[in-house]
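I opened this notebook to record what I looked up in the structure. The entries follow the order in which I worked.

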Amino acid sequence: MDYGLTTSAGEPYTNNIRNRMSKSKSDKTSAAADRDLYSGLIRLHVLHHATEEPIFGLGMIEELARHGYRISPGSLYPLLQGLEKKGYLRSTTQRDGKSLRRVYRATPLGRRALAAAKSKVRELFHELIEGD
Ligand SMILES: [Zn+2]
């Protein structure tokens, strides 16, 4: 299953990970594991930016790429729709020249969810990075 994540260098993400890990697991297994590992981070990242300014799909794809996540429109748009369905984002359509662009903003529920996640991320950061 292709979920569109690659490294910033453009290599398939799973190849990069696989080279450093045991090769006993199948590609499918590690691809699924990577997707599961990073999807929450990507959601939090999206939510963070949506609390700061209105975001749209292509802009968010570029922003995530800046941070080393390559995510395809086919993966990001369902993610945005999922966050909207949960009530964390609300979208409106804006005219952008000749085309319509769907723009997302965080809802009060999304802001509260992000605030709660922040303290968990902080705690995880301490444990992972600072060895607390
Ligand atoms: Zn960012």
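The entries below run from confidence and overall layout to the sheet, the core and single residues.

**Entry 1. Confidence.** I noted at the outset that this is a predicted model. I looked up the mean pLDDT of the protein, which is 82, and found that 74% of its residues reach 70 or more. I then asked where pLDDT stays under 50. The stretch is residues 6–25, for which the model has 24 contacts beyond four places in sequence. Where pLDDT is low, the predicted coordinates should not be read in detail. I therefore left these contacts uninterpreted, as low pLDDT calls for no detailed reading of predicted coordinates.

**Entry 2. Layout.** I counted five helices and three strands in the protein. Along the sequence I read the pattern α-α-β-α-α-β-β-α. Of the 132 residues, 14% are buried. I also looked at contacts with a separation of 6 or more: residues 24 or more positions apart account for 50% of them.

**Entry 3. The sheet.** In what order do the three strands of the open sheet lie? I recorded the order 1-3-2, with antiparallel pairing. Strand 1 (55–56) and strand 2 (89–96) are the edge strands, each pairing on one side only. I then looked up what packs on the sheet and found helix 4, which touches strand 2 and strand 3. The direction of helix 4 makes about 130° with that of strand 2.

**Entry 4. Strand pairs.** I compiled the pairings in a short table.

| Pair | Sense and bridges | A partner I looked up |
|---|---|---|
| Strand 1 and strand 3 | antiparallel, two bridges | I55 with Y104 |
| Strand 2 and strand 3 | antiparallel, eight bridges | T93 with R102 |

I noted in addition that Q94 stands opposite R101 in strand 3. Strand 2 and strand 3 form a hairpin with two residues between the strands. In this hairpin I found G97 with a positive phi near 65°.

**Entry 5. The core.** I asked which residues have the most contacts inside the largest nonpolar core. They are V46, L47, A50, L83 and L89, in a core of 14 residues. Two or more residues each come from helix 2 (27–52), helix 3 (57–66), helix 4 (73–85) and strand 3 (99–106). Helix 2 gives the largest share, three residues.

I followed L89 further. Leaving aside neighbours within four places in sequence, I found L89 in contact with A50, L80, L83, E84, Y104, R105, A106, T107 and G110. Among these contacts, A50 and L83 also appear in the list of core residues with the most contacts. Y104, another contact of L89, is the bridge partner of I55.

**Entry 6. H45.** I located H45 in helix 2. Is H45 buried or partly exposed? H45 counts as partly exposed because it has 16 C-beta neighbours inside 10 Å, whereas a buried residue needs 20 or more. I looked up the separation of H45 and L64: they are 19 residues apart in sequence and 8.0 Å apart in space, C-alpha to C-alpha.

**Entry 7. S75.** I found S75 in helix 4. S75 is partly exposed, since 17 other C-beta atoms lie within 10 Å. S75 and I61 are 14 residues apart in sequence and 9.9 Å apart in space, C-alpha to C-alpha.

**Entry 8. Helix 5.** I turned last to helix 5 (residues 108–129), which has 22 residues. From its first C-alpha to its last, helix 5 reaches 31 Å, close to the 32 Å expected at 1.5 Å a residue. How many of the 22 residues of helix 5 are buried? I recorded one, and helix 5 is thus hardly covered. Just after helix 5, I noted that G131 takes a positive phi of about 60°.

Definitions and conventions: Residues numbered from 1 in each chain as written. Predicted model: local features only at pLDDT ≥ 70, side-chain atom pairs only at ≥ 80, totals over all residues. Core = buried A, V, L, I, M, F, W, Y, C linked by C-beta atoms within 7 Å. Buried ≥ 20, exposed ≤ 12 C-beta atoms within 10 Å, placed from the backbone. Helix = DSSP H or I, 4+ residues; strand = E, 2+ residues; numbered from the N terminus. Contact = placed C-beta atoms within 7 Å. Pairing = 2+ DSSP bridges. Axes fitted to C-alpha atoms, helices over the stretch in contact; angles between N-to-C directions. Expected span 1.5 Å × (residues − 1). pLDDT = per-residue confidence, 0-100.
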